[in-house]
Amino acid sequence: MRKYLFTACLFIFSVALSAQIVGTITDLNGNPLPFVNILIEDTYKGTTSNDDGYYELNISESKTYTIIYTYLGYKTVKKTVSINKFPYAIDIVLEDESVSLSEVIVNSEDNPANAIMRQAIAQRKANLEKIKSFKADFYSRGLIRIKEAPEKLLGQEIGDLGGGLDSTRSGIIYLSETISKIQYLHPNKLKEKITASKVSGNDNGFSFNNALDVDFNFYNNTIEFGNEIISPIANNAFGYYRYKLDGVFYDERGNLINKISVIPKRENDPVFSGTIYIVEDQWTIYALELALTGVQARIPAADVIELKQSFKYSDRDNIWALLSQSIDFKYGILGIKGDGRFTAVYSNYEFNTGLNREDFGRELVAFEIEANKKDSLFWSQIRPVPLTIEERIDYTKKDSIQIIRESKPYLDSIDRANNKFKVRSLLGYTYQNSHKDYRFGYEIPMRGVQFNTVQGYNAKANVFFSKNFDDFNRYFRVSANLNYGFSDKRLRAIGALTYKFNNVSRAFLTFSGGITAQQFNSSNPITPLINTVSTLFFEDNYMKLYDKSFIQLNHSEELFNGFRLYSALSYERRNPLFNITDQVFINDDNDTYTSNNPINENDLNTASFQTHNIARLNVTAQINFAQEYLSYPDSKFNIGNDQYPTLTLSYEKGFSATKEAYNFDQITARLHQSFNIANKGRFRYNLRTGAFFNAEDIAFIDYQHFNGNQTHVSTEGNYTNVFNNLDYYSASTNNSYLEAHIEHDFNGFILGKIPFLNTLNFNLVLGAHLLATPDFSPYQEYTIGVDNVGWGKFRFLRVDYIRSYQSGFKCDAILFGLKFF
């Protein structure tokens, strides 16, 4: 109790030192009102009340001010005060707004709300284009709470999440703030310079709050909020919403404001529900209070998300500008529940300042030097939304905890407890030194026990060591993966040394080597688990393996923004493998194992290649066109740009082979992209082409193989890199080839409009796939499927019908896609 009183005293003391105009805002019943906008008249200088109804308005000059207090559902208060000393206290009581329908002429033939919304929709584009550009100050605060967290999640201890949990295992697990300067250029350019950043419990951390992530403009037809959500004033809004006029009122300027309920026509459509306020005659947004569910946003962990925006009119610019925004949410998954809020405040606007495209590059967010080193006095003077008592306690507690938890005695004590060998350590053990930031250990994964026909049962074990430098910006890793086959009685092992040089270009150097049983298709089209089940239960041993001994050197680095270069040089010895077991769980007298020769599966005694050694060089350039990025001190985070594709160009050379005919050259090109088509779903394509040179008699291993699937089960997220009704090796080639995949996930756009089906929240998916080589008649697959199958938040199944053609109809199949692997 004394700690809380002490924190409250610090709260009052800091206010006395830094705040200029302070006070509490309540309703007539004395309840605090959060998120009230407080502005100095005819300016964009202001603040917002916190959850306790408390506010601080920082001003520097003693004079007369007119202060405006606005809050949706309450009458606006305008108060003129002459200030001659600081701090100056003003407590405000807001009265309920009188919303009336008495001035509305109701026509029985037309809903009055529809007429208003038609006007707003007609003016949507004009209002969107009013703001050609702007500069502004931006403040963001993010808070996430957890409630009654379990002790363990999926068998792993959760701990107290950095000191965020109290005795009830509830509390704040994330609290962060940013102050920044932002610039905007119509239609979609936004960049941000963060001048101050604060993360509770991490005095060296950088907040991930930024203006880009909360840029929700309802004058666009859709708002990207997990899913593409239809705006209530979109051109096609009447296909998704019903509207009801709840009443009208006048703002402090005498504008008539229409309060309109926004009602979804279908529950699971990507839509909002709630209230939007439209200014009469101007047909602009005055404010909005909207919500959507996790189902509508396609964010399974979210229960409900509530969004509020408030706007202010500028006489000088004839613009209604976004002043403040809050996003409240509740979440729950796997027994973990909580809530949170992200608050944003915009101020000091400068509109249509002459910014142009040359003022915007690919860098979206950057930090000033020492942005994360601002002290509490700085924050108390500049923070536009004062902290609540809960938030101040969290900062105080976690800052003190951080000092303790980063000390060597504390880290050593934690390590002593965690490093004890326990019974469960038989299957995995890690020894760590947190102070020096290194760890080593081993693991024997339960899923590491597998079966194939050339090794029989085989088990895996992994040994590892890691040492981090500079908060993970650099690190050194050592790993060894062991595999023992019980039928071939052979131990195989692969070791690797990896060093990461930095977190900007993300340069990696890896030296590896060892012996492994490798699939002929190095993309590993069939997983060991699926192959184990297919082999033991159905006598379908689709996985084909050869023995590879190798040493290899890999390097990768982003040479400049959007251009990453990969290179690999290896020397390999390859030996054929043969089936050595015929064990099955369910024996079918009419079925038998095929050979391990992918060229001739009926020939159990002949290998598909001769034993040989070969050196291989691979150089790959990956080009992300128009790649945008976030710049953090000593780090760079690339952001995918859906508007442009990614191009990959590769050259591979096999040389110095002990069998000269096995030398070869290959060039490949790949183009792929994924993007939303408004609210119509997500479209993906993947195109790949290539050609071999001097490769007439190369080893089958080095052919171009295509990802097939004969198991009727897939664990892929999407199917733009696989032919799900094609044999694994029947189309392999050492010639030229063309591979094309397209897929469109309608994301509820079709099925969400069909009665009954729209309650299931399924997604329709269509796809088409093409493969062509000189020696293989053009092969096509066409698919129609249903995704997002499951119940509640657990949507782990996709079901597709596939129809294949090659010189006419070939065959069809049903495919089950599993998403929990």
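In this predicted model, the side chains of Asp-547 and Arg-492 meet in a salt bridge, with 2.9 Å from N to O. Asp-547 belongs to strand E31 (residues 545–560) and Arg-492 to strand E29 (residues 490–500), so the contact ties together parts that are 55 residues apart in sequence. Neither end of this pair is open to the outside. Asp-547 counts as buried because its relative accessibility is 2%, and Arg-492, also at 2% relative accessibility, counts as buried too. The limit for that label is under 20% relative accessible area.

A second pair involves Asp-702 and Arg-574, whose closest N and O atoms are 2.9 Å apart in a salt bridge. This pair links distant parts of the chain: Asp-702 sits in the loop between strand E38 (682–693) and strand E39 (713–714), while Arg-574 is in strand E32 (residues 563–576), 128 residues apart. Both Asp-702 and Arg-574 are buried. The pair is also part of a wider arrangement, since salt bridges with shared partners join Glu-572, Arg-574, Arg-616, Glu-652 and Asp-702 into one network.

Over the whole structure, a search finds 34 salt bridges. One of them connects Arg-145 with Glu-390, the closest N and O atoms lying 3.0 Å apart. Arg-145 is in strand E9 and Glu-390 in helix H6 (residues 389–405), so this salt bridge ties together parts that are 245 residues apart in sequence. Glu-390 has 34% relative accessibility and therefore counts as partly exposed.

Strand E9, which carries Arg-145, can be followed further. The strand spans residues 133–147 and is mostly covered, with 13 of its 15 residues buried. E9 pairs with strand E12 (residues 171–185) in the antiparallel sense, over 14 bridges. Within that pairing, Ile-144 stands opposite Tyr-174 of E12. E9 is also joined to strand E22 (residues 336–351), again antiparallel, by 13 bridges. Here Asp-137 has Ser-347 in E22 as its bridge partner.

Charged residues also gather on the surface. Asp-203, Asp-399, Glu-406 and Asp-471 form a negative surface patch. One of these, Asp-471, is found in the loop between strand E27 (456–469) and strand E28 (474–485). Asp-471 counts as exposed because its relative accessibility is 57%, and the cut-off for exposed is over 50%.

Charge of the opposite sign is collected in another patch, where Lys-152, Lys-420, Lys-422 and Arg-424 make up a positive area on the surface. Lys-152 is in strand E10, which covers residues 152–153. At 45% relative accessibility, Lys-152 counts as partly exposed, whereas Asp-471 in the negative patch counts as exposed.

The last stop is Leu-815 in strand E44 (residues 809–818). Its relative accessibility is 1%, so Leu-815 counts as buried. Phe-794 is 21 residues away from Leu-815 along the chain, and the C-alpha atoms of the two are separated by 19 Å.

Notes:
Residues numbered from 1 in each chain as written. Predicted model: local features only at pLDDT ≥ 70, side-chain atom pairs only at ≥ 80, totals over all residues. Heavy atoms only, no water. Patch = residues over 30% accessible without salt bridge, like charges linked within 9 Å, V, L, I, M, F, W, Y side chains within 5 Å. Areas by Shrake-Rupley, 256 points an atom, 1.4 Å probe, with all protein chains shown as cover. Salt bridge = Lys/Arg side-chain N within 4 Å of Asp/Glu carboxyl O. Lys, Arg positive; Asp, Glu negative; His and termini not counted. Charge placed at Lys NZ, Arg CZ, Asp CG, Glu CD. Helix = DSSP H or I, 4+ residues; strand = E, 2+ residues; numbered from the N terminus. Buried < 20%, exposed > 50% of the residue type's maximum accessible area, 1.4 Å probe, protein only. Pairing = 2+ DSSP bridges.
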